[in-house]
Amino acid sequence: MESPSPSPSPSPSRPSTQTPAAALREDCWSEDATHTLIEAWGDRYLDLNRGNLRQRHWQEVAAAVNARHATSASSKSFRSDIQCKNRIDTLKKKYKIEKAKATAAYVSAWPFFASLDSLLGSSFPKPSTAAPRRNTPPWNLSTPIPVGPRTHKRPAPSPAVDSSFRRNSTAAAAEDGDGPDSSSKEEKEVEKIGYRELAQAIERFGEIYERVEGAKQKQMMELEKQRMQFTKDLECHRMQLLLETQVQLQKIKRARRQCQNGYS
């Protein structure tokens, strides 16, 4: 009697060829998954006395989200600790905007506002809506201001003396370099220098920000690549153990049949 042929083993799942950048672009969170994320993060955030979470805490948050919403480790709904942290940072920025708009007449319709407000309300105080005070003069306008006795008007200078005085004053100012044209030129020069320095400072800040963001994106992509490689290696190791187990079972069945045929 021929031994039945071993059942074909399930072929190992082909690893995803999607690049980390494409995986990050498909990072879409559902409303339920976001609520679960806020709940898991908020518990640890309060346990740390509203302090920053460490990497192991973010891994616990990701595990809590995946336990409810991820179907498998290779599905799009699977969230890493980095994706959870980035999602919380995005929610904080959105909450800050909604908090600034919140007034007695405006209630935010954002579904996550209430949950985040209970956690971050003290960190983002509501802006004051009181009207600014106007600087009022120290006197009362209704009170009449005392006026001293009028004096006789001074006689106007003669046109000849006035014109001579103006010419002498203009000539002296021109010699000293303190005329109106000279002062306006100096002010314009100082203003140009200030604008130039401001533009250089903004340009340097932009370069620094671009380098920091580039390094951050590169680190995120590298971590995502390592996670995908670890998942791939883990799946291959699991399939290898499964195949070895099936081979051992077939050997045991074959030996058992040989013993039974020998006794018969």
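# Notes on an all-helix model

1. Helix α2 passes helix α3 in a right-handed crossing. Their axes come within 9 Å of each other and cross at roughly 145°, with α2 covering residues 31-47 and α3 covering residues 55-69. On the α2 side, the contact is made by Asp-32, Ala-33, Thr-36, Leu-37, Glu-39, Ala-40, Trp-41 and Arg-44. On the α3 side, it is made by His-57, Trp-58, Glu-60, Val-61, Ala-64, Val-65, Arg-68 and His-69. Please keep in mind throughout that this is a predicted model.

2. Now for the overall picture. The chain has seven helices and zero strands, so the pattern along the sequence reads α-α-α-α-α-α-α. Of its 264 residues, 17% are buried. The accessible surface comes to about 21400 Å², and carbon and sulfur atoms hold 56% of that area. If you take the contacts with a separation of 6 or more, 67% of them join residues that are 24 or more positions apart.

3. Arg-44 is a good residue to click on if you want to look at the α2 and α3 pair again. Arg-44 is found in helix α2 and is among the residues that make the contact with α3. Setting aside neighbours within four places in sequence, Arg-44 is in contact with Leu-53, His-57, Glu-60 and Val-61. With Glu-60, the separation is 16 residues in sequence and 9.2 Å in space, C-alpha to C-alpha.

4. The loop between α2 and α3 has two residues with backbone angles to check. Asn-49 lies in this loop, and its phi is near 60°. Arg-50 has its place in the loop between α2 and α3 too, and the phi of Arg-50 is likewise near 60°. Each is a positive value in a residue other than glycine. For context, most residues other than glycine have a negative phi. As for cover, Asn-49 counts as exposed because its relative accessible area is 68%, and exposed means over 50%. Arg-50, at 36%, is partly exposed.

5. Moving along, Phe-78 sits in the loop between α3 and α4. Phe-78 is 15 residues from Ala-63 in sequence, and their C-alpha atoms are 9.3 Å apart in space. With 24% relative accessibility, Phe-78 counts as partly exposed.

6. The structure holds eight salt bridges, and two in helix α4 make a handy pair to inspect. Lys-85 forms a salt bridge with Asp-89, with 3.5 Å between the closest N and O atoms. Both residues lie in helix α4, which covers residues 81-101, and they are four residues apart, about one turn of the helix. Lys-85 is partly exposed at 38% relative accessibility, and Asp-89 is partly exposed at 26%.

7. The other α4 pair is Glu-98 and Lys-94, whose side chains meet in a salt bridge at 3.3 Å, N to O. Since they are four residues apart in helix α4, about one helical turn separates Glu-98 from Lys-94. Is each partner buried or partly exposed? Glu-98 is buried because its relative accessible area is 5%, under the 20% that marks a buried residue. Lys-94, at 34%, is partly exposed.

8. Helix α7 has a salt bridge of its own to look at, where the side chains of Arg-227 and Glu-224 meet at 2.9 Å, N to O. Glu-224 is buried, with a relative accessible area of 3%, whereas Arg-227 counts as partly exposed at 23%. The two residues both lie in helix α7, three residues apart, about one turn of the helix. Going back to the pair in point 7, salt bridges that share partners join Lys-94, Glu-98 and Lys-101 into one network.

9. Finally, have a look at the surface around Leu-198. Leu-198 is found in helix α7, which covers residues 180-263. Together with Tyr-195 and Ile-202, Leu-198 forms a nonpolar patch on the surface, and the three share about 340 Å² of accessible area. Leu-198 counts as partly exposed because its relative accessibility is 48%, and partly exposed covers the range between buried, under 20%, and exposed, over 50%.

Key. Residues numbered from 1 in each chain as written. Predicted model: local features only at pLDDT ≥ 70, side-chain atom pairs only at ≥ 80, totals over all residues. Heavy atoms only, no water. Patch = residues over 30% accessible without salt bridge, like charges linked within 9 Å, V, L, I, M, F, W, Y side chains within 5 Å. Areas by Shrake-Rupley, 256 points an atom, 1.4 Å probe, with all protein chains shown as cover. Salt bridge = Lys/Arg side-chain N within 4 Å of Asp/Glu carboxyl O. Buried < 20%, exposed > 50% of the residue type's maximum accessible area, 1.4 Å probe, protein only. Axes fitted to C-alpha atoms, helices over the stretch in contact; angles between N-to-C directions. Left-handed = near helix turned anticlockwise from the far one by under 90°. Contact = heavy atoms within 4.5 Å.
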